[in-house]
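Have a look at the sequence and the fold below. Then we can walk through the sheet, the hairpin, one cysteine and the confidence scores together.

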Amino acid sequence: MKCYIFGKSNGIHIIDLSRSIALLRAAREFVFHLVLGGKRILFVGTKKQAQSVVKDAAVRSGQFYVCNRWLGGTLTNNVTLRRSVMRMRELEKMEKDKVFDKLSKKEVSRLRKEMENLQKNLIGTADMTAMPGAVFVSDVMREAIAVKEAARLNIPVIAIVDTNCDPDAVDYPIPGNDDGIRAIKLVVDAVADVAAKANEEYSRRTIEAAKKKQEAAAAAAAEAERRAKEGPSGAKAGDKKPHDAAAGHARRPVAKPLARKPADKPVAAAPAQQGEAQQRNVVVGGDGRVALRAARARLHHRLPLRQPVD
């Protein structure tokens, strides 16, 4: 603690408040991010000066607390603690259902005393089904068992450390006077305020996330209903099926090909016609054009060819 002590006067050590403020800010920042992530803090203050302060701050911020007596194994033996909580809930239900009215006075007195003792020690941790995210201790020397259990489970410890304490056992030490009610109230309220603020922000985000999830589920249900109406093929039930051109063509009757007549055999040409065909290819000497006209005229009138002159 030497690094956190400003000086000494008349045998009284004076704490350096500048270091206390810086460490308190660091602890508040850690608590804010821790609670914002959905975890909770366990406030421990069994000293007479801190009991009411710790309880009020924890209830106001919605955190767990132990203000009467630290039961050994609260963290390391949580299974046994859950059994005691179940017994306390059972007795509370019996009282609510007026089962005590059917029992004798001696039996009712014994059960009421048992229930009061359980409530006195467990009421602050009755809903702590899981390990807390951090432990806040008002006096490290008095709550040494709580600090050891938290260190064994690797749970961060935030504590007010006085000049007679060892700060090495604490993850987030806050130098201060752990005997004065006002000093304890100042630090506890500062941590509880930031925890309450982070708890509200966490609740708001949780509600928004649940709302978005509900909207997404409704949209998915609407989409599934729309697809169910359309059918497995993706087309609406009232729509007509598209015309299948290939299927329609296949159902049409196939026209039979027309039978072709056998081709006529070529007829042999008459001898006269053969002569005329040969005459078309005759080349006559002299004027070619005059000879061609005479040949055409003879063919037209079917005149016999003129004998060539020797």
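## The central sheet

Which residue in β4 does Val44 stand opposite? The partner is Val66. This is a predicted model, and in it strand β3 (residues 41–44) is joined to β4 by three bridges, the two strands running parallel.

That pair belongs to an open sheet of five strands. Reading across, the order is β4-β3-β5-β6-β7, with parallel pairing. At the edges sit β4 and β7 (172–175), each of which pairs on one side only. From one strand to the next, the twist averages 20°. As a reminder, strands of a sheet pair through backbone hydrogen bonds, in either a parallel or an antiparallel way.

## A helix across the sheet

Now follow helix α1, which covers residues 17–36. This helix lies across β3, β5 (134–137), β6 (157–161) and β7. Relative to β7, α1 runs at about 140°.

## The hairpin

Ahead of that helix in the numbering, you will find strands β1 (residues 5–9) and β2 (residues 12–15), which run antiparallel and are joined by four bridges. Together β1 and β2 form a hairpin, with two residues between them. In the turn, Asn10 has a positive phi of about 55°. Ser9 stands opposite Ile12, a residue of β2.

## Around Cys67

Cys67 is placed in the loop that lies between β4 (64–66) and α3 (78–96). Is Cys67 buried or exposed? Its relative accessibility is 16%, and because the cut-off for buried is under 20%, Cys67 counts as buried.

What does Cys67 touch, leaving aside its neighbours within four places in sequence? Its contacts are Gly45, Thr46, Gln51 and Lys55. Phe43 is a further point of reference: Cys67 and Phe43 are 24 residues apart in sequence, and their C-alpha atoms are 8.1 Å apart in space.

## How confident is the model?

Across the protein the pLDDT averages 80, and 74% of the residues score at least 70. Two stretches deserve a careful eye when you read the model. Over residues 245–250 the pLDDT stays under 50, and the model has zero contacts for them beyond four places in sequence. Residues 276–286 also have a pLDDT below 50. That stretch, 276–286, has six contacts in the model beyond near neighbours in sequence.

Definitions and conventions. Residues are numbered from 1 along each chain as its sequence is written. This is a predicted model: local features need pLDDT of at least 70, side-chain atom pairs count only at pLDDT 80 or more; totals for chains, interfaces and linings use all residues. Side-chain values use heavy atoms; hydrogens and water are left out. Two strands pair if DSSP finds at least two bridges between them. pLDDT is the predictor's confidence in each residue, from 0 to 100. Contact means heavy atoms within 4.5 Å. Buried means under 20% relative accessible area, exposed over 50%, partly exposed in between (1.4 Å probe, protein chains only). Axes are lines fitted to C-alpha atoms, for helices over the stretch in contact, and angles run from 0 to 180 degrees between N-to-C directions.
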